[in-house]
Amino acid sequence: MYSKFSFFLLILFISGIQFSNAQNRKVIPPSEDYKKHLNAAKSHNLDLVKDKKHLNKLISRGKLVPVKQRGYGWRVADLTHSHSYLVPKGQQVLRDIAREFVKETGQNFFVVTSLTRTLHDQNRLRGVNGNASSNDSAHNYGASFDISYVRFNHKLGPNKKLDQELKKILTGFQNSGRIYFVKERLSSCYHIVVR
């Protein structure tokens with residue numbers, strides 16, 4: 001039988017292993033699709049956004065432009081791990097997707113759940129989101145945003161009709177060479193990269 005002290009040491013040892021593994025996160029080699037998406041994000045000639053200071057510098061130079069909280073066909077959720085900015089082409093693509101969404105669905109809107117992340121934001125996100133890349137992310141280059149497929153008109157829950165319309169619109173944009181997108185299951189969003 002273990003003494004209380006031995007049991008305490010055993011718990012500390014096990015916790016230490018878990019903590020150590022969290023610090024030494026294994027970097028998974030990116031897939032070919034991931035590389036294609038990342039290269040598209042890098043094609044906008046914006047350096048990887050390192051931190052808030054670097055983000056502000058890119059904003060002041062006009063390399064990143066603001067995305068309004070409320071736009072025609074979209075709303076931006078409260079952001080905890082990203083900032084409401086995109087490369088200028090990204091802002092235009094978001095507007096165009098939203099305009100098409102309203103045209104096809106009537107007075108509905110979708111919710112944008114993530115935009116530009118600093119490297120610091122990406123590192124914090126890894127602790128809470130299994131989809132967060134262990135490599136650089138397209139979000140780190142200001143050319144990516146996520147749209148929830150379970151939040152339309154600020155109502156949380158599946159809406160098959162609106163989700164299908166959104167997917168159809170995104171497929172059209174991808175086929176015309178404007179974006180790449182992937183449906184992320186864990187975070188219930190479409191991850192969109194502007195080409």
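The following exchange goes through a predicted model of one protein chain, from its confidence to its cores and salt bridges.

Modeller: Residues are numbered from 1 along each chain as its sequence is written, and side-chain values use heavy atoms, with hydrogens and water left out. Because this is a predicted model, local features need pLDDT of at least 70 and side-chain atom pairs count only at pLDDT 80 or more, while totals for chains, interfaces and linings use all residues.

Biologist: What is the mean pLDDT of the protein chain, and over which residues 1 to 25 or 130 to 134 does the model have 17 contacts?

Modeller: pLDDT is the predictor's confidence in each residue, from 0 to 100; its mean over the protein chain is 85, with 78% of the residues at 70 or more. Over residues 1-25 the pLDDT is below 50, and this stretch has 4 contacts (heavy atoms within 4.5 Å) beyond near neighbours in sequence. The pLDDT also stays under 50 in a second stretch, for which the model has 17 contacts beyond four places in sequence, and this stretch is residues 130-134.

Biologist: How many helices and strands does the protein chain have?

Modeller: Helices (H or I, at least four residues) and strands (E, at least two) are DSSP runs, numbered from the N terminus. Among contacts in the protein chain with a separation of 6 or more, 67% join residues 24 or more positions apart. The count for the protein chain is 6 helices and 9 strands.

Biologist: What percentage of the residues in the protein chain is buried?

Modeller: Buried means under 20% relative accessible area, exposed over 50%, and partly exposed in between, with a 1.4 Å probe and protein chains only. The protein chain exposes about 11400 Å², of which carbon and sulfur atoms supply 54%, the areas coming from the Shrake-Rupley method with a 1.4 Å probe and only the protein chains shown counting as cover for residues. Of the 195 residues in the protein chain, the buried share is 45%.

Biologist: Which residues of the largest nonpolar core touch the most other members?

Modeller: A nonpolar core is a set of buried Ala, Val, Leu, Ile, Met, Phe, Trp, Tyr and Cys residues joined through side-chain atoms within 4.5 Å. Strands E3 (74-76), E5 (110-114), E6, E8 and E9, together with helices H4 and H6 (160-175), each supply at least two residues of the largest core, and a second, separate core of 15 residues includes Leu38, Tyr141, Ala143 and Val193. Leu166, not counting residues up to four places away in sequence, touches Ile97, Phe101, Phe110, Ile147, Ser148, Phe152 and Tyr190. Within the largest core of 27 residues, those that touch the most other members are Ile97, Phe110, Val112, Phe145 and Leu166.

Biologist: Which backbone oxygen does the side chain of Gln91 reach?

Modeller: Gln91 lies in helix H4 (residues 88-105) and counts as buried at 17% relative accessibility. Leaving aside neighbours within four places in sequence, Gln91 is in contact with Val65, Pro66 and Leu86. At 2.7 Å, the side chain of Gln91 reaches the backbone oxygen of Pro66.

Biologist: Where does His154, which has a positive phi, lie?

Modeller: Most residues other than glycine have a negative phi. His154 nevertheless has a positive phi of about 60 degrees, and at 51% relative accessibility His154 counts as exposed. His154 lies in the loop between strand E6 (144-152) and strand E7 (155-156).

Biologist: Which loop holds Ser188?

Modeller: Ser188 also has a positive phi, near 50 degrees, in a residue other than glycine. Ser188 is partly exposed, with a relative accessible area of 21%. Ser188 lies in the loop between strand E8 (179-184) and strand E9 (189-194).

Biologist: Which helix holds both Lys35 and Glu32?

Modeller: A salt bridge is a side-chain nitrogen of Lys or Arg within 4 Å of a carboxyl oxygen of Asp or Glu, and by this rule the count comes to 7. Lys35 and Glu32 form one, with the closest N and O atoms 3.3 Å apart; Lys35 is partly exposed at 36%, whereas Glu32 is exposed at 59%. The two residues are 3 residues apart, about one turn of the helix, and both lie in helix H2 (residues 32-42).

Biologist: How many residues apart in sequence are the parts that Asp163 and Lys183 tie together?

Modeller: The closest N and O atoms of the Asp163 and Lys183 salt bridge are 3.2 Å apart. Asp163 lies in helix H6 and Lys183 in strand E8, so the pair ties together parts of the chain separated in sequence by 20 residues.

Methods:
A polar contact is a pair of N or O atoms within 3.5 Å; within protein, one must be able to donate a hydrogen and the other to accept it, and residues adjacent in sequence count only if both atoms are side-chain atoms.
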